[in-house]
Amino acid sequence: MSMDRQLGQTRNIGIMAHIDAGKTTTTERILFYSGKVHRIGEVDEGAATMDWMEQEKERGITITSAATTIFWNGTRINIIDTPGHVDFTMEVERSLRVLDGAIALFCSVGGVEPQSETVWRQADKYRVPRIAYVNKMDRIGANFLGACEMMKKRLGANAVPIHLPIGQGDLFTGVIDLITMTARNYRDENQGVLFVDGPIPYSLYDQAQEKREKLLEELADYDEGLLDKFVHNQPIEPDEIRVALRKAVLDLKITPVLCGSSYKNKGVQALLDAIVAFLPSPLDLPPVKGFDPVHSKEIVREPDPDKPFAGLVFKIMSDPYVGRLSYARIYSGTLKAGDTVYNPVNQRRERISRILAMHANKRADLKECQAGDIVALVGLKQTTTGHTICAESHPIILEQMTFPSPVIYVAIEPKTKADQDKLSESLNRLADEDPTFQVKTDTETGQTIISGMGELHLEILVDRMKREFNVSANVGKPQVAYRETITATAEAEGKFIRQTGGRGQYGHVKIRVMPSGQGKGFEFEDCTKGGTIPNEFIPAVQQGAKEALENGIIAGYPMVDVRVELLDGSYHEVDSSEIAFKIAGSMALQEGARRASPTMLEPVMDVEVVSPEEYMGDVIGDLNSRRGKVAGVVHRPDAIVIAAQAPLSEMFGYATTLRSLSQGRAVYTMQFAHYAPIPEAMQEKMIQQIRGVLVDQKK
């Protein structure tokens, strides 16, 4: 029973937000008030505890999800501080996969920014219950109720305030708690450790009363007793409200909204109380689902320390002292240091040499860990992000994660011969940590190519190579990962016949190729009648056609969104083989693609610029010159927000241009939207350039 109580007193939560909403500052305050650190570290001074990587300190952004454990009023809270920058979306995605609840952090001036939308949708996908915290209430232009409205409009969230600010901007002194109907004022002289709860200021009483009625109306659906009291105007106890609100949050029907200013030390303790009161423990959630690798049937695992062991590795890190660290969420059972676990994905056994409780980059050894824990494991050599580890006697594969394909690549080469071996080792270790970062060798030129989700992504990875692995490298200009596709329907024939004495080869197919539609990928349908091609050769035709898509007709880029229908063909009793049909399928596809008006596609990015009003004309003019299409402009009290779409190839070096256009005051975010056809005039020019480069490289 003590285990259940311990599990009931555990919270696994993440803090998710737009870049610069104050995630890391909030986490710092949480560590301070819970007694983890004795001095508050500031992001602005490059001294935040959770941002321990050199680049994080320099740039003031969070790159890797740091994990830490704190205790608050007897509840253990495991916190993962996720990055907000779009190039690190996957860090957020894989953290959400293993969390039970989340705090969505918003800036009181910016409200719901585009990256908060992306992360919110990811949390919807994994059905993560969340509470919202509107930070930076001390800033000029702060608007708490405006931020709540934006959450309703932009996110479709049922955002219900359970706090009201006492004053906004410079006048912000504390918060009103609508559940207890008291006002909490914070003392500045002791960094907000002490606060005074008292009556609500007279001028705000009516507004507080109105918002409390609203809260009770929303909760009446969740508790009949509360509904009865509400209808008959009877007093309602704060605990009754908390119980009903917890139910609504776990059901993903209500998002309670709190407010504060983490930087000014106001509102953080109330946020910690809300984490304990409203976010789920592992016991509150449905048991995790997976499937049996042998029989492929679905199985569930309850969060119980006595059940068979199962956990999910959601992050790999290279640690200078310990080596390879695997962060894992334990879903069921108990794991002891020295135990052997089984990885059903690659069917390997691995021994866990140490179990560590992490606090950013410090660590403490544990003898064992149990269901509900998030820990770092040492000793897993063959296990990567998204793999399951479990007891060999009870194999289970938990849902695997899918990662988007990279849109930008650069060539990289070592500066000296001595760096050669270190380069490949460091690249492999970085690729091991980050599934959206890929390393491959170009067979034609022998160059090492690295690809990722954006300029910043690759810049930081190259920077890490220099600092963490002492490897100096020359990096080429960023290149765009183009694609090719077809725009018409065409038929083609592929014949592969070799008959010169002895056993020959014979494969013959007729196919029709057509566009399958944007984002549909490769589709294949067998339309042959009456066994003109024996069934065992049809998968070979499909395989041949699929492999032929890897090198496009125009410039050799991969082809996407192609549908192939196998119409007819013929075979030879003796000479036909799988390889012959595979080659015939490949030949037919290349021939068909040539006839089907092939075209090139380029990655188009969603760009959002937040800029002071006076630079609006310059910023829009510059976006237009980059073939950008402005989709809309939103006016905010302190700035304007320009939403646009622009081709990635035109956006290189945009950060520098934007800085000079706006005297360093505008910021932008960019993320991949979709692939779109390149205008024909540009296509011609590009093809000549690409062919010219290939000729030069071959010389």
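Two strands are taken to pair if DSSP finds at least two bridges between them. In this predicted model, strand S7 and strand S8 (residues 174-177) satisfy that criterion, pairing in the antiparallel sense over four bridges. Within this pairing, His163 stands opposite Asp177 of S8. Both strands belong to an open sheet of four strands, arranged in the order S7-S8-S9-S10 with antiparallel pairing. Strand S7 (163-166) and strand S10 (195-198) form the edges of the sheet, each pairing on one side only. On average, and with direction ignored, neighbouring strands of the sheet are turned by 25° against each other.

Helix H7 (residues 202-220) connects this sheet to a group of helix contacts described below. H7 lies across S7 and S8 and runs at about 165° to S7. The axes of H7 and helix H8 (residues 224-231) come within 8 Å and cross at roughly 135°. An angle of this size falls outside the ranges that count as roughly parallel, antiparallel or perpendicular, and H7 and H8 are therefore oblique to each other. The crossing in which H7 passes H8 is left-handed. On the H7 side, the contact involves Glu213, Leu216, Glu217, Leu219 and Ala220, which meet Leu226, Leu227 and Phe230 of H8. Classified by residue type, the contact of H7 with H8 comprises six nonpolar, no polar and two charged residues.

H7 also packs against helix H9 (residues 238-250), with axes that come within 10 Å and cross at roughly 60°. H7 and H9 are therefore oblique to each other, and their crossing is left-handed. Here Arg212, Leu215, Leu216 and Leu219 of H7 meet Ile241, Ala244, Leu245 and Ala248 of H9. The residues of the contact of H7 with H9 divide into seven nonpolar, no polar and one charged. Leu216 and Leu219 of H7 thus appear in the contact with H8 and in the contact with H9.

The series of helix contacts continues from H9 to helix H10 (residues 268-278), the two packing at an angle of about 75° with their axes 9 Å apart. Since angles of 65 to 115 degrees count as roughly perpendicular, H9 is roughly perpendicular to H10. Arg242, Leu245, Arg246, Val249 and Leu250 of H9 make this contact with Val276, Ala277 and Phe278 of H10. By class, six nonpolar, no polar and two charged residues contribute to the contact of H9 with H10. Leu245 of H9 is listed in the contact with H7 and in that with H10.

Aromatic pairing was examined across the whole structure, where a search finds five aromatic pairs. One of them is formed by Phe314 and Tyr327, whose ring centres are 6.1 Å apart and whose planes stand at 55°, so the pair is tilted. This pair links distant parts of the chain, with Phe314 in strand S14 (residues 310-319) and Tyr327 in strand S15 (residues 323-332), 13 residues apart.

A further open sheet consists of four strands in the order S31-S32-S34-S33, with mixed pairing. Its edge strands are strand S31 (490-498) and strand S33 (523-526), each of which pairs on one side only. In this sheet, neighbouring strands are turned by 25° against each other on average, direction ignored. S31 and strand S32 (residues 505-515) pair in the antiparallel sense over nine bridges. Arg498 has Gln505 of S32 as its bridge partner. Helix H13 (residues 538-548) packs on the sheet and touches S32, S33 and strand S34 (562-570), and the direction of H13 makes about 150° with that of S33. Helix H14 (residues 578-595) likewise lies across strands of the sheet, namely S31, S32 and S34, and runs at about 35° to S32.

Finally, the surroundings of one residue in a later strand were considered. Val667 is found in strand S38 (residues 667-677). Its C-alpha atom lies 9.8 Å from that of Val641, a residue 26 places away in sequence. When neighbours within four places in sequence are left aside, Val667 is in contact with Glu608, Val609, Val610 and Leu658.

Notes
Residues numbered from 1 in each chain as written. Predicted model: local features only at pLDDT ≥ 70, side-chain atom pairs only at ≥ 80, totals over all residues. Heavy atoms only, no water. Axes fitted to C-alpha atoms, helices over the stretch in contact; angles between N-to-C directions. Contact = heavy atoms within 4.5 Å. Parallel < 35°, antiparallel > 145°, perpendicular 65-115°, else oblique. Left-handed = near helix turned anticlockwise from the far one by under 90°. Nonpolar A, V, L, I, M, F, W, Y, C, P; charged D, E, K, R; others polar. Phe/Tyr/Trp six-rings, centres within 6.5 Å; stacked < 30°, edge-to-face > 60°.
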